[in-house]
Amino acid sequence: MQTTRHGEIDENQQSSTTKRKLLVVDDDLDFLLGVKTFFNSYYDVQIARGGMAALKLIANGYRPDCMLVDTHMFRNFEGVDFIKSLYFGDLDLSHMRVALCSGMMDKEISDRVVGYDVACFIKPFNTKEILDYFEGNSS
């Protein structure tokens, strides 16, 4: 497995299946690979190591149905800033479920995403709750 200079994992991860697409954005490679392993049976999972790597994927035409984004990333910019940049762009997010996750979720972080269609989860998170959120079974 190779990491490109922009931080995304290049495995030709876009499959030809009809699974919905999940983009996982975090700066921790072990977390990314673990989450990918779990969610791979439910989604076509693409991982990006940091917000800039994720923006590059999206700029190149990748359109996920769901995103799981870490709040505290030390590469380029943090998860809240990444999410805000998506909303300020011309990307149609109306179909997308976005989950923000952090080991240190606090009121300041949740206040920064008020007005955005984002759910907040605390690490270690309950994978069933995130699956339910992605499938529209919870808010």
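Here are some friendly questions and answers about this predicted model.

Q: How many helices and strands are there in the chain?
A: Read along the sequence, the pattern is β-β-β-α-β-α-β-α-β-α-β-α. In total the chain holds five helices and seven strands.

Q: What percentage of the residues in the chain is buried?
A: The chain has 139 residues. A residue counts as buried when its relative accessible area is under 20%. By that cut-off, the buried share of the chain is 47%.

Q: Are helix 2 and helix 3 roughly parallel or roughly antiparallel?
A: Helix 2 covers residues 51–59 and helix 3 covers residues 79–88, and their axes come within 10 Å and cross at roughly 25 degrees. Angles under 35 degrees count as roughly parallel. Therefore helix 2 and helix 3 are roughly parallel.

Q: How many charged residues does the contact of helix 2 with helix 3 have?
A: Helix 2 brings Gly51, Ala54, Leu55 and Ile58 to the contact, while helix 3 brings Phe82, Ser85 and Leu86. By class, five of these residues are nonpolar and two are polar. The number of charged residues is thus given as none: no charged residues.

Q: Which elements give two or more residues to the largest nonpolar core?
A: This core has 21 residues, and those with the most contacts inside it include Leu23, Val25, Ile58, Met67, Val69, Phe82 and Ile83. The elements giving two or more residues are strand 3 (21–26), helix 2, strand 5 (66–70), helix 3 and strand 6 (97–102).

Q: How many residues does the second, separate core have?
A: Among the members of this second core are Tyr43, Ala99, Cys101 and Phe125. Its size is 20 residues.

Q: Is aspartate 70 buried or exposed?
A: Aspartate 70 sits in strand 5. Leaving out residues up to four places away in sequence, aspartate 70 touches Val25, Asp26, Asp27, Gly79, Leu100, Cys101, Ser102 and Lys123. Because its relative accessibility is 4%, aspartate 70 counts as buried.

Q: What separates the C-alpha atoms of aspartate 70 and leucine 100?
A: Along the chain, aspartate 70 and leucine 100 are 30 residues apart. In space, their C-alpha atoms are separated by 5.8 Å.

Q: Which residue does a cis peptide bond join to lysine 123?
A: The omega angle of this bond is about -10 degrees. The partner of lysine 123 lies in the loop between strand 7 (118–122) and helix 5 (127–134). That partner is proline 124.

Definitions and conventions. Residues numbered from 1 in each chain as written. Predicted model: local features only at pLDDT ≥ 70, side-chain atom pairs only at ≥ 80, totals over all residues. Heavy atoms only, no water. Axes fitted to C-alpha atoms, helices over the stretch in contact; angles between N-to-C directions. Helix = DSSP H or I, 4+ residues; strand = E, 2+ residues; numbered from the N terminus. Parallel < 35°, antiparallel > 145°, perpendicular 65-115°, else oblique. Contact = heavy atoms within 4.5 Å. Nonpolar A, V, L, I, M, F, W, Y, C, P; charged D, E, K, R; others polar. Core = buried A, V, L, I, M, F, W, Y, C linked by side-chain atoms within 4.5 Å. Buried < 20%, exposed > 50% of the residue type's maximum accessible area, 1.4 Å probe, protein only.
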